Amino acid sequence: MLRFEVLSASPETPWTIAANLSYDDVIDRLERINQTFGLDIATIHDEALYSKSYQPKVQEEVVIFGGNAMLENAIQKADDRNLEAARQIVQQAKVYLDAFFQLHPASEALKKLYQNLLDYDAKLAQMKDMSQTEYLVAQKMSKFSSYSARRKNDGQRLKPDFLTFLRNSCFYLPKKLNMQGKVAIITGASSGIGRALAFRLGQKGAKLVITGRKPAPLEETRAELETNGIEVLALIADSSQEADNARLVEATLQHFGRIDLLICNAGISMRALVEDLDLDVIRQVMDINFYGAVYAVKYALPHLLASQGTIVGISSIAGFRGLPARSGYSASKFAMHGFLEALRTELLKKKVHVLIACPGFTQSNIRRVALTKDGQAQGETPRDETAMMSAEAVAVSIVRAMEKKRRYLVLTRQGKLTVFLNKWWPALMDKLVYNALAREVNSPLS
Ligand SMILES: NC(=O)c1ccc[n+]([C@@H]2O[C@H](COP(=O)([O-])OP(=O)(O)OC[C@H]3O[C@@H](n4cnc5c(N)ncnc54)[C@H](OP(=O)(O)O)[C@@H]3O)[C@@H](O)[C@H]2O)c1
């Protein structure tokens with residue numbers, strides 16, 4: 001099966017808003033397209049694929065829509081003066097079409113699309129980079145009525161739209177982070193969100209160091225990443241052990257020579273009432289979720305300062321709102337918030353970006369391995385995993401938030417509502433949260 005990356009399946013993109021689609025709708029449509037046509041596309045960034053009226057009939061049609069969308073996306077990026085991104089998209093599109101040519105060698109429409117792509121690639125190669133400042137000056141010097149900027153280098157005329165003009169003139173936009181060639185450490189990347197993040201960042205050109213405690217799933221993830229052409233080093237390391245974190249940083253430097261991104265993702269959960277639980281349960285959860293992040297940050301920080309890199313803490317909605325029967329888990333995420341918020345402020349003038357990412361309920365292994373009151377793994381998940389956001393979709397949002405250098409990311413409609421209501425109506429939230437968790441299978445609350 002062929003695999004392609006998720007690009008703009010987001011409820012925030014203009015076309016999903018225009019089509020009144022939620023993120024889940026987008027993912028659902030994509031899954032149906034994949035099932036119908038035997039594809040494994042994580043997403044094609046094309047509104048046509050997701051617009052309510054679009055009903056693809058054959059696989060080739062899906063491919064052509066995808067290819068056209070990539071081309072349009074590249075043109076848009078070039079219009080926005082992001083030539084590097086435009087070039088990357090064209091390269092991706094070539095890989096995408098090359099793969100599908102093997103399935104539809106005689107398709108005239110595909111050949112035409114491929115030719116368009118080559119033509120545009122040649123055009124991009126001629127265009128020389130103009131810095132954002134040069135571009136702004138050129139824009140401002142040009143008359144608004146005939147709004148255009150004549151290129152010095154190749155004589156091409158640019159016609160940015162009114163919104164681009166407003167955005168460039170009125171707002172300071174921090175430069176989007178480009179993942180190409182970045183070295184990323186992801187702790188706990190052999191399953192769930194960490195694993196999905198590894199694929200997402202790898203697809204964007206990052207080099208990876210991934211960790212986990214169990215050798216088999218870690219090795220499986222490493223091999224799959226490598227098969228997908230992603231450069232990766234896998235290390236068995238326990239986040240809760242300070243020495244393992246020191247070794248992780250050292251091994252990354254030895255192998256890749258630098259660290260640009262640190263994602264503190266390794267985590268476990270628990271489920272028991274405080275009155276019943278063995279205190280070791282809370283200690284274990286704090287050691288992995290909180291101290292694991294502290295150790296990794298401490299050892300990686302000098303190198304992140306050198307690279308002006310990014311630190312991401314994978315927290316949770318439970319970091320904003322304590323959950324009954326998840327006291328240790330909630331405490332570890334609240335602690336993580338305090339630590340990372342303080343760190344972000346310490347780093348305010350040092351150009352290291354800190355993102356606190358808070359997924360809502362996400363399909364993963366976390367509930368199966370969650371600790372019960374005596375520290376045993378729970379075994380079964382007490383919730384309907386199929387109703388949750390997929391780890392892949394979560395990874396897409398996290399990487400986008402990293403690229404945009406956001407401070408917080410709160411995911412899922414339910415998660416956003418929980419954070420909002422908890423701030424303004426905490427007494428109501430006590431009841432709602434109690435009831436929601438009491439409804440879980442075998443809940444200690446019921
Ligand atoms: N799934 C959700 O609903 C959800 C929601 C909000 C936030 N989160 C957060 O997302 C993060 C990832 O969770 P997930 O849902 O993807 O869970 P998961 O599927 O259970 O994956 C957890 C990963 O962390 C690794 N890990 C656990 N303990 C570790 C340790 N001591 N040292 C190193 N690696 C360790 C696991 O591998 P080994 O077991 O082999 O070590 C695994 O690779 C966690 O921080 C979690 O709190 C999850």
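A crossing of two helices is right-handed if the near helix is turned clockwise from the far one by less than a right angle. In this predicted model, the crossing of α9 and α14 is right-handed. The axes of these two helices lie 8 Å apart, and the angle at which they pack is about 55°. Angles from 65 to 115 degrees count as roughly perpendicular and angles under 35 degrees as roughly parallel; α9 is therefore oblique to α14. On the side of α9, the contact is made by G192, I193, R195, A196, L197, R200 and L201. In α14, which spans residues 391-403, these residues meet A391, E392, V394, A395, V396, I398 and V399. By type, the residues of this contact comprise 10 nonpolar, one polar and three charged.

The chain as a whole contains 16 helices and 11 strands. It has 446 residues, of which 39% count as buried. Among the contacts with a separation of 6 or more, 68% join residues 24 or more positions apart.

A second helix pair is formed by α12 and α13, the latter covering residues 327-346. Their axes come within 8 Å and cross at roughly 20°. Since angles under 35 degrees count as roughly parallel, α12 and α13 are described as roughly parallel to each other. The crossing of α12 and α13 is right-handed. From α12, the residues V281, I282, V285, M286, N289, F290, A293, V294 and V297 take part in the contact. Their partners in α13 are G328, Y329, A331, S332, K333, A335, M336, F339 and L343. The residues of the contact between α12 and α13 divide into 14 nonpolar, three polar and one charged.

Both α9 and α12 also contribute to the surroundings of the ligand. The elements that each supply at least two residues of the shell are α9 (192-203), β6 (207-212) and α12 (279-307). Of these, α9 gives the most, with three residues. There are 32 residues around the ligand, and those that come nearest are G188, G192, R213, G267 and S364. The shell consists of 12 nonpolar, 17 polar and three charged residues. G192, one of the residues that come nearest to the ligand, is also among the residues of α9 that meet α14.

Two loop residues have an unusual backbone angle. Most residues other than glycine have a negative phi. A325, however, has a positive phi, near 70°. This residue is in the loop between β9 (310-314) and α13. A325 is buried, because 23 other C-beta atoms lie within 10 Å and 20 or more suffice for that class. T412 likewise is not a glycine and has a positive phi of about 70°. Its position is in the loop between β11 (408-410) and α15 (413-424). T412 has 21 C-beta neighbours inside 10 Å and so counts as buried.

Two helix residues were examined for their surroundings. N435 belongs to α16, which covers residues 426-438. With 11 other C-beta atoms within 10 Å, N435 is exposed, since the limit for that class is 12 or fewer. The C-alpha atom of N435 is 9.9 Å from that of P324, although 111 residues separate them along the chain. A109 is located in α6, residues 108-126. A109 has 14 C-beta neighbours inside 10 Å and therefore counts as partly exposed. Between the C-alpha atoms of A109 and I64 the separation is 7.4 Å, and the two residues are 45 residues apart along the chain.

Methods:
Residues numbered from 1 in each chain as written. Predicted model: local features only at pLDDT ≥ 70, side-chain atom pairs only at ≥ 80, totals over all residues. Near = placed C-beta within 6 Å. Helix = DSSP H or I, 4+ residues; strand = E, 2+ residues; numbered from the N terminus. Nonpolar A, V, L, I, M, F, W, Y, C, P; charged D, E, K, R; others polar. Axes fitted to C-alpha atoms, helices over the stretch in contact; angles between N-to-C directions. Parallel < 35°, antiparallel > 145°, perpendicular 65-115°, else oblique. Contact = placed C-beta atoms within 7 Å.
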